[in-house]
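I opened this notebook to keep track of what I looked up, one place at a time. My plan was to begin with the annotated positions, move on to the ligand, and end with one helix.

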Amino acid sequence: KQSTVIAPSILSANFARLGDEVEAVLEAGADWVHFDVMDNHYVPNLTIGPMVCEALRKHGIEAPIDVHLMVEPVDELVPQFADAGASVISFHPEASRHVDRTLQLIHDHGCQAGLVLNPATPVEVLDWTLEQLDLVLLMSVNPGFGGQSFIPYVLNKVREVRGRIDALGRDIRLEVDGGVKVQNIGDVAAAGADTFVAGSAIFGADDYTATIKAMKQNADG
Ligand code: DX5
Ligand code: ZN
């Protein structure tokens with residue numbers, strides 16, 4: 001398992017002050033910026049695209065930007081996000097007609113590639129893809145909205161995917177997204193995750209530093 005990464009989801013930030021909000025969570029100890037892209041087609045919500053990613057880079061944000069594509073189709077946005085400064089690009093396999101091609105496209109554009117499994121998506125989707133991945137993102141809520149509750153059975157899925165990554169023996173990050181809080185991050189880490197998305201738990205807190213510190217402490221046991 002790799003070092004703990006906390007990735008605040010800017011979906012829960014104040015969009016009117018986005019640059020300041022991202023700076024604030026990074027100063028507060030966050031490692032990555034989690035960037036939720038929703039298209040009102042794959043998911044019933046509409047958020048932000050490559051222009052906002054590029055604006056954050058131009059604003060001086062240097063931390064890894066972890067782009068979570070909840071869009072269908074996927075391929076057209078890959079070069080756009082790579083050009084906009086994305087570090088990791090993850091997508092939902094059912095939203096791409098040719099998953100291997102999309103993974104190659106992400107790598108060809110110099111980004112790390114991730115697959116996102118919804119709560120009910122079988123882990124078998126990793127059978128012929130895991131070796132092509134830099135990251136597996138397990139959704140612990142149904143995608144589309146921040147502020148939902150963690151679905152407990154996903155802990156079993158985290159254990160199962162941790163076993164597959166360990167068996168392969170490659171450095172693949174295992175990220176969990178949805179309903180992660182100070183109170184439950186220890187359980188998610190114990191199940192095998194190393195990378196944690198948190199939106200409402202961080203941006204809804206008064207003290208970002210204390211919240212991120214508590215998350216790291218609990219994740220590291
Ligand atoms: C949901 C998004 C999540 C969400 C997490 O579709 O992918 O990243 O913003 O928000 P919380 O932490 O509030 O569940
Ligand atoms: Zn997300």
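The entries below follow that order, and I remind myself at the start that this is a predicted model.

**Entry 1: the annotated positions**

I first looked up the UniProt record, an unreviewed entry, and found that it places the feature "binding site" at His34, Asp36, His68 and Asp177. I then checked how these positions sit in space: they span 144 residues in sequence, yet no two of their C-alpha atoms are more than 10.6 Å apart, so they gather at one spot. Under "active site", the record, again an unreviewed entry, lists Asp36 and Asp177. This pair spans 142 residues in sequence, but their C-alpha atoms are no more than 10.6 Å apart, so they too gather at one spot.

**Entry 2: the two aspartates**

I asked myself whether aspartate 36 is buried or exposed. I found 24 other C-beta atoms within 10 Å of aspartate 36, and because 20 or more are needed to count as buried, this residue is buried. Its place is in strand E2, which covers residues 33–38. Leaving out residues up to four places away in sequence, I noted that aspartate 36 touches Ser9, Leu11, Thr47, His68 and Met70.

I next turned to aspartate 177, which lies in strand E7, residues 173–177. It has 26 C-beta neighbours inside 10 Å and therefore counts as buried. With the residues up to four places away in sequence again set aside, aspartate 177 touches His68, Leu137, Met139, Ser140 and Val197.

**Entry 3: around ligand 1**

Which residues come nearest to ligand 1? Of the 21 residues around ligand 1, I listed Ser9, Pro143, Gly146, Gly199 and Ser200 as the ones that come nearest. The shell divides into 7 nonpolar, 12 polar and 2 charged residues, and E2, E8 and H7 each supply at least two residues to it.

**Entry 4: helix H8**

I then followed helix H8, whose 12 residues run from 208 to 219 and which reaches 16 Å from its first C-alpha to its last, close to the 16 Å expected at 1.5 Å a residue. In H8 I found Thr211, Ile212, Met215, Asn218 and Ala219 to be buried. Seen down the axis of H8, these buried residues fall within an arc of 130°, so they line one face of the helix. They pack against strand E1 (5–8), helix H6 (185–191), strand E8 (195–198) and helix H7 (200–203). Just after H8, I noted that glycine 221 takes a positive phi of about 70°.

How values were computed
Residues numbered from 1 in each chain as written. Chains lettered and ligands numbered in written order. Predicted model: local features only at pLDDT ≥ 70, side-chain atom pairs only at ≥ 80, totals over all residues. Helix = DSSP H or I, 4+ residues; strand = E, 2+ residues; numbered from the N terminus. Expected span 1.5 Å × (residues − 1). Buried ≥ 20, exposed ≤ 12 C-beta atoms within 10 Å, placed from the backbone. Arc of directions from axis to C-beta. Contact = placed C-beta atoms within 7 Å. UniProt positions renumbered as here; feature names shortened; annotations may be inferred. Near = placed C-beta within 6 Å. Nonpolar A, V, L, I, M, F, W, Y, C, P; charged D, E, K, R; others polar.
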